[in-house]
Amino acid sequence: MSSQNIEINNPYFIKNVKVESLVGGSDIYWELNEDVNVLVGANGTGKSTLIALIKCILSGPDSLKPDELKSIRGKFSSASVSLKNGQEGALKCDSHGETYQELLKALSQMLIEAPDKVNDKRVKIDKLNKQGSYELTKEQIKSIFDTMSSDVDSKSPVITATSNFVNKGGKPSIKQHLNVEMISTFDMLLLSKEEYDKFNDKSYSQLDFLIENEIRELTQKLLATSKAVSVEYKNSTGKKSLEAIQSAKLSAFNKFLKEVNKLFNPNNKSFRLDDKTGEFYATYKGQRLGMSDLSSGEKQMLMILLKAVNSSDKPTILLMDEPEISLHLYWQETLLKTVRRINDKCQIIVVSHSPALVMKGWLSKMVEIKDISV
């Protein structure tokens, strides 16, 4: 079956994205494919902003770091995401200072009125959103107030939202149906005391810590799977072999291990799982290798594939911002196919400058941002 003919039919995948005045320019209407979508275009046309807006709408503002939220302020007037099942979420960016001051005033009043006994006491905020209400603790309100009042000047744009994807507590309710993951390309060096190993004379990067977190999550999933295998084998009373149950339960991990080693073996590197400890580790020419010793490109690829396997427990929307940076040509060409081999229930949305991403069967999935401007 060709990549263009893949059918997924997941009702929670994105049908279309609409944005008004993206980076002060054109309106955007983007009809998405269920499997792969690659957006290309000149620098400064709003591709990365578009990806961040999708993440913000699906997972809520808490899913973005403060600097990421700042990066989308003033770069759109409104944005919406529609799913195949008809659900919709929207953002609006109001640049008027009066609205900002009204919001601060409302938050200030709520701090006075909010109960201060325990954290689980809730305050409804329905003044800020005419189409619904949110519930926040007093501590959350104070945090929002402190951030806003010390953030930037009073004319800073205010982002408001309405969504079927985030519950009243601000948590992404869509998570019960699918995973939403975002990968940005960077390998920034970290130099704090906690992030410098004096014994080994090594500094660590953001990717090192992200990879460590993904490996920790993978380990937890493998341990849970091992327990599930034991329970199923015990309950099957000999009707299923232990090997058959393990093969079914560990299918995604086995695919991941096969694909990652296929990519890394030409560099004399491989990845293994310790059967006794459950530890996932790397080797170089048979010797143990620290993950921080990998090159930037190797870390980037490993990070993407770890995300793919860790999110394979349910359908996934995978957002990637220029994943090709630091990857050599062959890895760029095989990236999308490799991710989908590990997680075939995955809607991939990529912004890129590399035509190599689509050269191996995905050319029909590429669109230029000027072609979705209306």
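How many residues sit between β13 and β14 in their hairpin, and which residue in the turn has a positive phi? Hold that one for a minute while I set the scene.

Okay, ground rules. This is a predicted model, so local features need pLDDT of at least 70 and side-chain atom pairs count only at pLDDT 80 or more, while totals for chains, interfaces and linings use all residues. Residues are numbered from 1 along each chain as its sequence is written, and side-chain values use heavy atoms, with hydrogens and water left out.

The overview, then. The protein has nine helices and 18 strands. Those are DSSP runs numbered from the N terminus: H or I with at least four residues for helices, E with at least two for strands. Of the 374 residues, 44% count as buried. Buried is under 20% relative accessible area, exposed is over 50%, and partly exposed is in between, with a 1.4 Å probe and protein chains only. Now contacts, meaning heavy atoms within 4.5 Å: among those between residues at least 6 apart in sequence, 68% join residues at least 24 apart.

Back to the opening question. The β13 and β14 hairpin has six residues between its strands, and the turn residue with the positive phi is Gly 278, at about 80°. Five bridges join β13, residues 269-273, to β14, and the two run antiparallel. Strands pair, by the way, if DSSP finds at least two bridges between them. One bridge partner to look at: Leu 273 goes with Phe 280 in β14. On to the next strand, where three bridges join β14 to β15, residues 287-289, again antiparallel. There Ala 282 has Leu 289 as its bridge partner in β15. That second hairpin has two residues between the strands, and Lys 285 takes a positive phi near 55°. Four of the five residues of β14 are buried, so β14 is largely enclosed by the rest of the structure.

That takes us to the packing. A nonpolar core here is a set of buried Ala, Val, Leu, Ile, Met, Phe, Trp, Tyr and Cys residues joined through side-chain atoms within 4.5 Å. The largest one has 43 residues, and those with the most contacts inside it are Phe 256, Phe 271, Phe 280, Met 291 and Leu 302. Elements giving two or more residues to this core include β14, α5, α7 and α9, but α8 gives the most, with eight. Click on Phe 271: leaving aside neighbours within four places in sequence, its contacts include Leu 257, Phe 264, Phe 280, Met 291 and Leu 302. Apart from this core lies another, of 38 residues, among them Tyr 12, Val 17, Ile 51 and Ala 79.

Now the parallel sheet. Five strands form an open sheet in the order β9-β16-β17-β3-β18. The edges are β9 (179-184) and β18 (366-368), each pairing on one side only. From one strand to the next, the twist averages 15°. Three bridges join β3, residues 36-40, to β18, and Val 38 has Met 366 as its bridge partner. Over in β9 you'll find Asn 179, which counts as buried at 13% relative accessibility. Asn 179 touches residues including Ser 311, Asp 313 and Pro 315, not counting those up to four places away in sequence. Helix α9 (329-342) lies across β3, β16 and β17, at about 160° to β17. For that angle, axes are lines fitted to C-alpha atoms, for helices over the stretch in contact, and angles run from 0 to 180 degrees between N-to-C directions.

A sanity check on α5: at 1.5 Å a residue, its 31 residues should span 45 Å, and its end C-alpha atoms are 45 Å apart, which agrees. The expected span is 1.5 Å times one less than the number of residues. Just after α5, Thr 237 takes a positive phi of about 45°.

There are other positive phi values too. Ser 326, near 80°, is in the loop between β16 and α9 and is partly exposed at 46%. Ser 21, about 55°, is in the loop between β1 and β2. Most residues other than glycine have a negative phi.

Last bit, cysteines. The search found zero disulfides, taken as cysteine sulfur pairs within 2.5 Å. Cys 56 is buried at 2% relative accessible area, and Cys 346 is buried at 2%.
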